[in-house]
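Me: I'm new to this structure and would like to walk through it with you. Could we take it one question at a time?

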Amino acid sequence: LPAIFSELFERIASDKKMSEDALKELVFYFYKILPGSLEIVDRMMVTKVTSSPTSRCSWMVRGKSTSQYMCMGDFCTCPAFSFSVVQKP
């Protein structure tokens, strides 16, 4: 499945907009978390952080309160990630 996501995300990034087909794919795979995620992006609460000298990329996400969370690769420090991924039975 990660290859499917990579292709989808690359397509969205190259188009610089989200097509209706891409949105349908996102809904199919991420129906539980997509509404909240899109709200965070729409409110411009996501900042790309590039470290130097490695140029490694991560994302700083502001929560609804004053909280900030770091997302790196397939890990995030937010409570939603902990609840939905880490604590899964």
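Me: Leaving aside its neighbours within four places in sequence, which residues is Cys76 in contact with?
Reply: Happy to start there, and please keep in mind that this is a predicted model. Contact here means heavy atoms within 4.5 Å. With the neighbours within four places in sequence left aside, the partners of Cys76 are Tyr69, Met70, Cys71 and Phe81.

Me: Which residues make up the largest nonpolar core?
Reply: Nonpolar side chains tend to be buried together in soluble globular proteins. A second, separate core has five residues, including Leu8, Ile12, Leu26 and Leu34. The largest nonpolar core has six residues in all: Val61, Tyr69, Cys71, Cys76, Cys78 and Phe81.

Me: In what order do the strands of the open sheet lie?
Reply: Strands of a sheet pair through backbone hydrogen bonds, either parallel or antiparallel. In this open sheet of four strands the pairing is antiparallel. The edge strands, each pairing on one side only, are β1 (46-50) and β4 (75-76). The order is β1-β2-β3-β4.

Me: How many bridges are there between β1 and β2, and what residue stands opposite Lys48?
Reply: β1 and β2 form a hairpin, with six residues between them. Their pairing is antiparallel and extends over five bridges. In β2, the residue opposite Lys48 is Trp59.

Me: What is the bridge partner of Trp59 in β3?
Reply: β2 is joined to β3 by a hairpin through five residues. The two strands run antiparallel, with four bridges joining them. In β3, Trp59 has as its bridge partner Cys71.

Me: Which residue in β4 stands opposite Met72?
Reply: Strand β3 covers residues 68-72, and two bridges join it to β4. These two strands run antiparallel. Opposite Met72, in β4, stands Phe75.

Me: Is Ser58 buried or exposed?
Reply: Ser58 is found in strand β2, residues 57-62. Leaving aside neighbours within four places in sequence, Ser58 is in contact with Thr47, Lys48, Val49, Met70, Cys71 and Met72. The cut-off for buried is under 20% relative accessible area. With a relative accessibility of 12%, Ser58 therefore counts as buried.

Me: How many disulfides does the structure hold, and why does Cys57 not bond to Cys71?
Reply: A disulfide is a covalent bond between the sulfur atoms of two cysteines. Cys57 is partly exposed, at 33% relative accessibility. The closest cysteine sulfur to that of Cys57 belongs to Cys71 and is 11 Å away, so it is too far for a bond. The number of disulfides in the structure is zero.

Me: How many aromatic pairs are there, and what kind of pair do Phe28 and Tyr29 form?
Reply: A pair of aromatic rings is described by the distance of the centres and the angle of the planes. The count comes to one aromatic pair. The ring centres of Phe28 and Tyr29 are 5.1 Å apart and the planes stand at 85°, and because an angle over 60 degrees is the rule for this kind, the pair is edge-to-face.

Me: How exposed are Phe28 and Tyr29?
Reply: Exposed means over 50% relative accessible area, while buried means under 20%. Phe28 has 61% relative accessibility, so Phe28 counts as exposed. Tyr29, with a relative accessible area of 28%, is partly exposed.

Me: Which residues does the cis peptide bond join?
Reply: Most peptide bonds are trans. Here, though, there is a cis one with omega of about 5°. Pro53, one of its residues, lies in the loop between β1 and β2. The bond joins Ser52 and Pro53.

Me: What is the phi of Ser55?
Reply: Ser55 is found in the loop between β1 and β2. At 53% relative accessibility, Ser55 counts as exposed. Most residues other than glycine have a negative phi. For Ser55 the phi is positive, near 65°.

Me: Where is Met44, and what distance separates its C-alpha atom from that of Val61?
Reply: Met44 has its place in the loop between α3 (34-42) and β1. It counts as exposed at 67% relative accessibility, and its phi is positive, near 55°. Met44 and Val61 are 17 residues apart along the chain, and their C-alpha atoms are separated by 9.1 Å.

Methods
Residues numbered from 1 in each chain as written. Predicted model: local features only at pLDDT ≥ 70, side-chain atom pairs only at ≥ 80, totals over all residues. Heavy atoms only, no water. Phe/Tyr/Trp six-rings, centres within 6.5 Å; stacked < 30°, edge-to-face > 60°. Buried < 20%, exposed > 50% of the residue type's maximum accessible area, 1.4 Å probe, protein only. Pairing = 2+ DSSP bridges. Disulfide = S-S within 2.5 Å. Core = buried A, V, L, I, M, F, W, Y, C linked by side-chain atoms within 4.5 Å.
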